[in-house]
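Student: I have a model open beside its sequence, and I would like to work through its strands and cavities. Could you take me through it?

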Amino acid sequence: MRRPTKAIEADYLVVGAGAMGMAFTDTLITESEARVVIVDRAHQPGGHWTTAYPFVRLHQPSAYYGVNSRALGNNTIDAVGWNEGLNELAPVGEICAYFDAVMQQQFLPSGRVAYFPMSEYLGDGRFQTLGGALYAVTVKRRIVDATYLRALVPSMRPVPYPVAPGVDCIAPNDLPKFTRRDRYVIVGAGKTGMDVCLWLLRNGVSPAQLTWIMPRDAWLIDRATLQPGPTFIKQFRDSYGVTLEAIGNATSVDDLFDRLEAAGTLLRLDPGVRPTMYRCATVSEPEFDQLRRIDDIVRMGHVQRIDPTEIVLDEGSVNSVPSALYIDCTADGAPQRPAKSVFDADHITLQAVRGCQQVFSAALTAHVELAYHDDAVKNELCVPIPHPDSDVDWLRLTRSDLQSFARWLSDAELTDWLSTARLNLLAELLPPLSHKPRVRERVVSMFQKKLHTAADQLEKLLSDYGRDDADQH
């Protein structure tokens, strides 16, 4: 017997209770009287964090993560470990508990949020719960897709290459369950691969026992340059200024990366290998030093298959042993989805509108949705910035960030919001908001000029790089 469809109403239907969906909803209900329905496949809010490996932590300071209205962590400085001296990095358990508390202690008690976990969104405002109940939501304002940048972690899919019978190839989630092995093979050079290497080293595994399959070397960010609070404000501003200076003085893309590396803005593990990847990964100095202890790094492309005594890659093969434990770290935690309009008729598609700052982007998008009326203006303020992948994407991402920042500063109301937004990584860079309009306008104008000059220089470097690349082919 077919069940009747239950009809409910809301101003917004948010599909996905991951970090972006939660940050968007938080700003909606904090800054308006909107009623929201949240539909999510998982059993609790938090998105990919609910299935992440147990030893994962944030790569960015806790102070910049979560939702705008509620701090994550205690804004403390780590006193021990390889992040010592820097702002705390929340572990996965704390992050999941945090999002659950936001839901249970803020969203639901407001009386304006209805939450449906373990439910499948069917499209057109319809969804089905685990128990089989069908719902149709009459949406007065917009349907919000908070799944467009859905992160994929290794535990969410099978290993993407053939593995011979009897060979242990696992997701990082299962790593703590295995007893000691003589050889560990880490497959993948992104954030997950680095996390696994560091976890093994932290637990006493010798670097000589590690083989690291690294299809591409990556440019890494020194986490010390992205620290919040008054203790780090000078270092933060100096680092930003040095980056703008490097951009202004660069004569080519390669020269720019040389300058950024010399300034300590970007790091690479092997000074003899030019990185071709950039995925916004951060490391502390001690973590960087630990990763550099690993000598057996295989740079022969991606894994094609794993046999008992051999790893076959794009560009050849290397010997292995049947007892080796392989840890697959190849899932794409930051998918390269094409940019699309954030505001489109009765839909909103959440995307990063600042490079690699997804939760801030979601909160800003919600504020713009509430504070402005014209979708053309909203889309001008919320220009999507696709996740980076290649080294040259650093230039594209930074150019877009500079352009957006300058655009936001043209709006006094938005500048005020940015100066108080907890999630805003660049709040410390905002010019002092003088009560004298002329003083404020002059300071903002000078800062905007610097941003535009740097963005124009990046545009030129990219254009020259494109011509050089075309000439070589």
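**Strands and cavities**

Tutor: Happy to! Val312 stands opposite Ser317 in E16. Please keep in mind that this is a predicted model.

Student: Thanks! How many bridges are there between strand E15 and E16?

Tutor: Strand E15 covers residues 310–313, and Val312 faces Ser317 of E16. The two strands pair in the antiparallel sense, and the number of bridges is four.

Student: Which strands are the edges of the open sheet that E15 belongs to?

Tutor: This open sheet has three strands in the order E14-E15-E16, with antiparallel pairing. An edge strand pairs on one side only, and that describes E14 (303–307) and E16 (316–319).

Student: What is the average twist from one strand to the next there?

Tutor: We are still in the sheet ordered E14-E15-E16. From each strand to the next, the twist averages 15°.

Student: Now for the five-strand sheet: is its pairing parallel or antiparallel?

Tutor: Its order is E7-E17-E8-E9-E13, and the sheet is open. The edges are E7 (168–170) and E13 (297–298), each pairing on one side only. As for the sense of the pairing, it is parallel.

Student: Which residue of E13 stands opposite Ile213?

Tutor: Strand E9 spans residues 210–213, and two bridges join it to E13. Opposite Ile213, in E13, stands Val298.

Student: At what angle does helix H3 run to E9?

Tutor: Helix H3 takes in residues 191–202 and lies across three strands: E8 (184–187), E9 and E17 (325–328). Relative to E9, the helix runs at about 175°.

Student: Let's turn to the cavities. What is the volume of the largest cavity?

Tutor: Searching the whole structure gives three cavities of 30 Å³ or more. The largest cavity has a volume of about 80 Å³.

Student: How many charged residues are in the lining of the largest cavity?

Tutor: The lining is made up of 13 residues, with Met214, Asp217, Ala218, Leu220 and Leu269 nearest the centre. Sorted by class, nine are nonpolar and none is polar, while the charged residues number four.

Student: And how many polar residues line the second largest cavity?

Tutor: The second largest cavity holds about 60 Å³ of space. Its lining includes Leu149, Gln336, Arg337, Gln351 and His387, along with prolines such as Pro335 and Pro384. By class, seven lining residues are nonpolar and one is charged, and the polar ones number three.

Note on methods. Residues numbered from 1 in each chain as written. Predicted model: local features only at pLDDT ≥ 70, side-chain atom pairs only at ≥ 80, totals over all residues. Heavy atoms only, no water. 1 Å grid on protein atoms, 1.4 Å probe; cavity = no way out; pocket = protein on both sides within 12 Å on 5 of 7 lines; lining within 4 Å. Points joined across faces, edges and corners; volume = space filled by probe spheres on them. Nonpolar A, V, L, I, M, F, W, Y, C, P; charged D, E, K, R; others polar. Pairing = 2+ DSSP bridges. Axes fitted to C-alpha atoms, helices over the stretch in contact; angles between N-to-C directions. Contact = heavy atoms within 4.5 Å.
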